[in-house]
Amino acid sequence: MPVALPITVDIDARGRLTPSQISELRRVIDDERDRTVGRIAAFERNFADIVASSEGSPPDDEHDPEGATIAFERAQVAALLDQSRAQLVELDAAALDLRSGRYGVCRACRAPIAFERLMARPTARTCVACA
């Protein structure tokens, strides 16, 4: 069984991230996290508004001309809210990996993940070849 070598993210000679790249990625992750938290708050308000607007209508969506639309909107906002919450979990995991020195290393082959890929998708856990 091969011995696992410690992973560091500041050895640029091997294609790993440089300190300036790490700093830039930290900023990207933090900015994306802030935007995601804002989206979650907006979706939660939107969902609450939809629920509140449907409280005065009959519970029978089938016979209510607005019922199907309200049910669709509620389901759509709920799905977007779930996606945003999942994105927040991924961003928090990326930030934790960045702090612990595991960020930027492919989970499948342990090769460095290209900086450009991380900039485009800061939550990437695999290199392009393994994705």
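Here is a short conversation about the helix, the cysteines and the cavity of this predicted model.

Reader: How do you know that the length of helix α1 agrees with its number of residues?

Author: Helix α1 covers residues 19-54, which is 36 residues, and at 1.5 Å a residue the expected span is 52 Å. Its end C-alpha atoms lie 52 Å apart, so the two values agree.

Reader: Which residues of α1 are buried?

Author: Among them are Gln21, Ile22, Leu25, Val28, Ile29 and Glu32. Further along, Thr36, Ile40, Phe43, Ile50 and Ser54 are buried too.

Reader: Why is there no bond from Cys109 to its closest cysteine sulfur?

Author: That closest sulfur belongs to Cys130, and the separation is 3.7 Å, too far for a bond because a disulfide needs the sulfur atoms within 2.5 Å. Cys127 gets the same verdict, since its closest cysteine sulfur, also in Cys130, is 3.7 Å away. The structure holds zero disulfides.

Reader: What makes Cys127 buried or exposed?

Author: Cys127 has 9% relative accessibility, and buried means under 20%, so Cys127 counts as buried. Cys109, at 41%, counts as partly exposed, because that class lies between 20% and 50%.

Reader: How many cavities of 30 Å³ or more are there, and what lines the largest cavity?

Author: The count is one, and the largest cavity has a volume of about 60 Å³. Its lining includes Glu90, Asp97, Arg102, Tyr103, Gly104 and Thr123. By type, the lining residues are five nonpolar, two polar and five charged.

Definitions and conventions. Residues numbered from 1 in each chain as written. Predicted model: local features only at pLDDT ≥ 70, side-chain atom pairs only at ≥ 80, totals over all residues. Heavy atoms only, no water. 1 Å grid on protein atoms, 1.4 Å probe; cavity = no way out; pocket = protein on both sides within 12 Å on 5 of 7 lines; lining within 4 Å. Points joined across faces, edges and corners; volume = space filled by probe spheres on them. Nonpolar A, V, L, I, M, F, W, Y, C, P; charged D, E, K, R; others polar. Helix = DSSP H or I, 4+ residues; strand = E, 2+ residues; numbered from the N terminus. Expected span 1.5 Å × (residues − 1). Buried < 20%, exposed > 50% of the residue type's maximum accessible area, 1.4 Å probe, protein only.
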